[in-house]
Amino acid sequence: MSAGPLVGYSSSGSEDEAEDEAEDEAATKGRTRPATGGCRRGQSPVPSQRFPVPDSVLNMFPSTEERPEDDSAKHGGRVRTFPHERGNWATHVYLPYEARDEFLELLDMLLPHAQTYVPQLVRMEAFHLSLSQSVVLRHHWILPFVQALKDRMASFHRFFFTANRVKIYTNQEKTRTFVGLEVTAGHAECLDLVSEVDRVLEEFNLTTFYPDPSFHISLAWCVGDARPQLEGQCLQELQEILDEFEDSEMLLRVFTEQVRCKSGNKFFSMPLK
């Protein structure tokens, strides 16, 4: 299979861990104690009576175990790679790519052509190069995790990479397909960064990156496995469009100045030397 796996993009809960601890404490304090006294010696204790609670009252307090509905229709048909749980934050480490006008012009040529083969393709809202899979962090581990990343990134220098080869990818579950630009220069530097990110992930008992990664910038995506339609003739035509685009060689040579980490709705930046 020529397509490489891609980080599973997904959202996760951002509820504070303190809420869970407060609920546990409240549950402990709310336990009913056995009755003491109140009956004479020689008499059997009168069993306590429990009266049924009206449904109208029960409905005022939804169960704390209830989880939000995971409706893929609300996320463009995307399916979570891990279940939503309170206090879990989806976390991802990557190199950002700030798209210039010329890059968007190139994309405006590539995407409509790809859509003649797969009409449901949608342009990415933002562009980046992944250095980790999407993993789950508990809320109270976010800052220690980010600090560990900063310590690991402190010795790395800024560098250039080039991403100018069109390639088709799927996520591991093959529930989504991506059109991307594969890195053809700067691969070794990206591997060095991944090696350090992996060490941090191992410290927190999280899944490391893919063993033989194909570094890339995703341009567009769709639901399902669309490789049969996009690979072959379409892929060849997309590469020809890119190669003929004016100044594409310089346009797709990217200067990397920082590593970023996104955890839930929080963003952290780690500048390189």
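Is Y169 buried or exposed, and what is its relative accessible area? Y169 is buried, with a relative accessible area of 0%, where buried means under 20% relative accessible area, exposed over 50% and partly exposed in between, for a 1.4 Å probe and protein chains only. The model is predicted, so that local features need pLDDT of at least 70 and side-chain atom pairs count only at pLDDT 80 or more, while totals for chains, interfaces and linings use all residues. Residues are numbered from 1 along each chain as its sequence is written, and side-chain values use heavy atoms, with hydrogens and water left out.

**View 1. Y169 in strand 6, within the overall fold.** The protein chain has eight helices and eleven strands, taken as DSSP runs (helices H or I, at least four residues; strands E, at least two) and numbered from the N terminus. Y169 belongs to strand 6, residues 159-171, and its C-alpha lies 9.2 Å from that of W221, although the two are 52 residues apart in sequence. Of the 273 residues of the chain, 41% count as buried. Among contacts (heavy atoms within 4.5 Å) between residues at least 6 apart in sequence, 83% join residues at least 24 apart.

**View 2. F161 and the largest nonpolar core.** A nonpolar core is a set of buried Ala, Val, Leu, Ile, Met, Phe, Trp, Tyr and Cys residues joined through side-chain atoms within 4.5 Å. The largest such core has 66 residues, of which L95, L121, L131, F145, F161, L230 and V259 touch the most other members. With neighbours within four places in sequence left aside, F161 is in contact with L95, L129, V183, A185, G186, I217, L252, R253, V254 and T256.

**View 3. The second largest cavity, beside helix 3.** On a 1 Å grid over the protein atoms alone, a cavity is a set of points where a 1.4 Å probe fits but cannot get out, and a pocket is an open set with protein on both sides within 12 Å along at least five of seven lines; lining residues have an atom within 4 Å of a point. Grid points are joined across faces, edges and corners, and a volume is the space filled by probe spheres set on the points. The structure holds two cavities of 30 Å³ or more, and the second largest has a volume of about 50 Å³. Its lining consists of L107, L110, L111, A114, V166, V179, L219, A220 and L238, with the largest share, four residues, coming from helix 3.

**View 4. The second largest pocket.** This pocket encloses about 310 Å³ of space, and of its 14 lining residues P96, Y97, E98, V254 and F255 are the closest to its centre. Strand 2 (88-97), helix 8 (248-251), strand 9 (253-256) and strand 10 (258-263) each give two or more residues to the lining, and strand 9 provides the largest share, four residues.

**View 5. Two loop residues with positive phi.** Most residues other than glycine have a negative phi. K174, in the loop between strand 6 and strand 7 (176-185), has a positive phi of about 60 degrees although it is not a glycine, and at 35% relative accessibility K174 counts as partly exposed. D247, in the loop between helix 7 (233-244) and helix 8, likewise has a positive phi of about 60 degrees, but counts as exposed at 57% relative accessibility.
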